[in-house]
Amino acid sequence: MRPLLPAKLLLPLAAVAALAACQTKTPAPKVNGGALPTMERVALAANSCWFKSGDPAFKAYRLAPELNSFSGRPRILVVHRNSPESRPLLVVQAEGNPAKLDAFGPMMGEAVGARIASDVQRWAGGGKGC
């Protein structure tokens, strides 16, 4: 019975396998945890998942991002669709690096409040999707 590989090929293959085992794995890129990049991620995801998707929980509202903040607290607001000048029903803001998130307003006390909190945390951490 003949060997599957000639002996002269086994040594180079073993050397290649040993070198491949020594290679370091490149770590996954870290998400920028500053307040502005965090709120940019949250704003894009909220707009896509809550408003553009036609989600019934957010149908009566619209998003009002205020990311250019001189106070160092970029934020997004959720306001009534037909009266955007009225008091916000939800404020999500971040401050510092790493960003400290805060979400407050009447919507946080409603049934959708827990979902808002989990969505915002996931998006702030770099999670994608609705």
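# Working through a predicted fold

Cys49 and Cys130 form a disulfide, with their sulfur atoms 2.0 Å apart. Keep in mind that this is a predicted model. The exercises below start from that link and work outwards.

**Exercise 1. Work out which parts of the chain the disulfide of Cys49 and Cys130 links, and whether each cysteine is buried or exposed.**

Step 1: Check the bond. The cut-off for a disulfide is 2.5 Å between the sulfur atoms, and the pair Cys49 and Cys130 sits at 2.0 Å. The structure holds one disulfide.

Step 2: Place the two ends. Cys49 is in helix α2, residues 35-52, while Cys130 is in the segment after α3 (113-124). The two cysteines are 81 residues apart, so this pair links distant parts of the chain.

Step 3: Look at the accessibility. Cys49 has a relative accessible area of 7%, which makes it buried because the limit is under 20%. Cys130 comes out at 67%, so it counts as exposed, the limit being over 50%.

Step 4: Add the handedness. The angle about the S-S bond is -85°, and the link of Cys49 and Cys130 is left-handed.

**Exercise 2. Find out what Gly129 is in contact with, leaving aside its neighbours within four places in sequence.**

Step 1: Locate Gly129. It belongs to the segment after α3.

Step 2: List the contacts. They are Cys49, Arg122 and Trp123.

Step 3: Take the Cys49 contact further. Along the sequence, Gly129 and Cys49 are 80 residues apart, yet C-alpha to C-alpha they are 7.5 Å apart in space.

Step 4: Check the exposure. Gly129 has 40% relative accessibility, so it is partly exposed.

**Exercise 3. Compare the end-to-end distance of α2 with the span expected for its 18 residues, then say where α2 has a kink.**

Step 1: Get the expected span. At 1.5 Å a residue, α2 should span 26 Å.

Step 2: Compare. The end C-alpha atoms of α2 are 24 Å apart, which agrees.

Step 3: Find the kink. It is about 25° and centred on Ala46.

Step 4: See what comes next. After α2 there is Gly54, with a positive phi near 80°.

**Exercise 4. Say which residues of α2 are buried and what covers them.**

Step 1: Name the buried residues. They are Ala35, Thr38, Met39, Val42, Ala43, Ala45, Ala46, Cys49, Trp50 and Phe51.

Step 2: Name the cover. It includes β1, β2, β3, β4 and α3.

Step 3: Zoom in on one of them. Thr38 has 3% relative accessibility, so it counts as buried. Leaving aside neighbours within four places in sequence, Thr38 is in contact with Asn32, Gly33, Ala99, Leu101 and Ala124.

**Exercise 5. Identify which residues of the largest nonpolar core touch the most other members, and which elements give two or more residues to this core.**

Step 1: Pick out the best-connected members. Of the 24 residues in this core, they are Val42, Trp50, Ile76, Met107 and Ile116.

Step 2: List the elements. Those giving two or more residues are α2, β1 (61-66), β2 (75-80), β3 and α3. The largest share, nine residues, comes from α2.

Step 3: Follow Met107. Apart from its neighbours within four places in sequence, Met107 is in contact with Phe58, Tyr61, Val78, Leu89, Leu90, Val112, Gly113 and Ile116.

Step 4: Put this in a wider setting. In soluble globular proteins, nonpolar side chains tend to be buried together.

**Exercise 6. Trace how β3 pairs with β2 and with β4.**

Step 1: Start with β2. Four bridges join β2 to β3, and the two run antiparallel. Here Val78 stands opposite Leu90 in β3.

Step 2: Move to β4. Five bridges join β3 to β4, again antiparallel, and Val91 stands opposite Phe104 in β4.

Step 3: Examine the turn. β3 and β4 form a hairpin with four residues between them, and Gly96 in the turn has a positive phi of about 85°. Pro98 also lies in this loop, and the peptide bond from Asn97 to Pro98 is cis, with omega near 10°.

Step 4: Judge the cover. β3 is mostly covered, since five of its six residues are buried.

Key. Residues numbered from 1 in each chain as written. Predicted model: local features only at pLDDT ≥ 70, side-chain atom pairs only at ≥ 80, totals over all residues. Heavy atoms only, no water. Buried < 20%, exposed > 50% of the residue type's maximum accessible area, 1.4 Å probe, protein only. Core = buried A, V, L, I, M, F, W, Y, C linked by side-chain atoms within 4.5 Å. Contact = heavy atoms within 4.5 Å. Pairing = 2+ DSSP bridges. Expected span 1.5 Å × (residues − 1). Bend = angle between axes of the 7 residues up to and from the residue.
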